[in-house]
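Please follow the aromatic side chains through the structure shown here, pair by pair, with attention to ring geometry, to the elements that carry the rings and to their burial.

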Amino acid sequence: MQHPRDDQEHRQGNGSDSVHGTMIRSPRAWTLEQNDRRIVFASGPEATLFAESCPFRVVQHRLPAWKAVLPIGGHAELLQPGQVMVAAPGLIVPPQLAHACSATSPYVALFIDSWLLPSCPGPIRLGAGEVRRLLATLGTTDSEGPGTCVDLAAGYAELRALTGRPSQLDPRVVHAVHLCALHDPDMPITSIAVEVGLSAPRLRALVRQEVGITLARLRRWDRLRAAIACLPDSTAALTAATAGFADQAHLTRTARDFIGRTPASLRRGRRVCARDGPS
């Protein structure tokens, strides 16, 4: 087993974001509409976006990523087990925080991988002006929420301006996460460890130290994003299989655990547009 100082000596780079920007699947976006409800999904290298044109509430969950809840005209509420409710015009929720969440108006939610923002022990309140700037940066001017042509890179840059610069990842962790989530989602952890030149226990420990989340949980999160991206085009069962889940029940359990809602609640509606390509 290597000493932590040995791990530090393997770090490279000058702090640029090029190391961080390779972790999410190819950009994809879609919109669904049903009566007076519109749902928008978009993903890119910097962020994943989900928006609804109506208020929402989700049950307790633990998301393995940052979440910025940006109500459009209302406010966000967050409740942790045994804690007093936190309410603000907007909220940034750190990864792995057990909480229930709601918005009292149409909203935009941005999901950012855990290593793309600096660590924080609890939720960050956003003022109304900060929420308006974030929404404007994304390109959201409609009072009911965005379309699919949102500027995710600009939204992430604005979040970074609010929260600060993240620490640079060990390049072996970068490579391991890339292999785990993108190159071969079924590649065994032991094989990934060999690829990056570490033992499997040391790799698991280093990823938890640097990212704060296990490789297995990161893999499930990436699969969930892939499943949500495919929801308008397929049945839930086929979506689960395509994204690498054991079955539809496995997808449903993961969605409840990570985002506090079921895939069915995300896909009700009529598909009005979908596209692949930069957002």
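In this predicted model, four aromatic pairs are found. Trp30 and Phe41 form a stacked pair, because their ring planes meet at 20°, an angle that falls under the 30 degrees set for stacking, while the ring centres lie 5.6 Å apart. Since Trp30 belongs to strand E1, which covers residues 28–34, and Phe41 to strand E2, which covers residues 37–43, this contact ties together parts that are eleven residues apart in sequence. As for solvent exposure, Trp30 has a relative accessibility of 0% and therefore counts as buried, and Phe41, with a relative accessible area of 2%, is buried as well.

A further pair, that of Trp221 and Phe258, has an edge-to-face arrangement, with 6.4 Å from centre to centre and 65° between the planes. The centre distance falls within the 6.5 Å required for a pair, and the angle is over the 60 degrees that mark an edge-to-face geometry. Here the partners come from helices: Trp221 sits in helix H7 (residues 215–230) and Phe258 in helix H9 (residues 248–259), so that the pair ties together parts that are 37 residues apart in sequence. Trp221 counts as buried because its relative accessibility is 3%, and Phe258 is likewise buried, its relative accessible area being 0%.

The Trp221 and Phe258 pair also takes part in a wider arrangement, in that ring pairs link Phe111, Trp221 and Phe258 into a cluster.

Notes:
Residues numbered from 1 in each chain as written. Predicted model: local features only at pLDDT ≥ 70, side-chain atom pairs only at ≥ 80, totals over all residues. Heavy atoms only, no water. Phe/Tyr/Trp six-rings, centres within 6.5 Å; stacked < 30°, edge-to-face > 60°. Helix = DSSP H or I, 4+ residues; strand = E, 2+ residues; numbered from the N terminus. Buried < 20%, exposed > 50% of the residue type's maximum accessible area, 1.4 Å probe, protein only.
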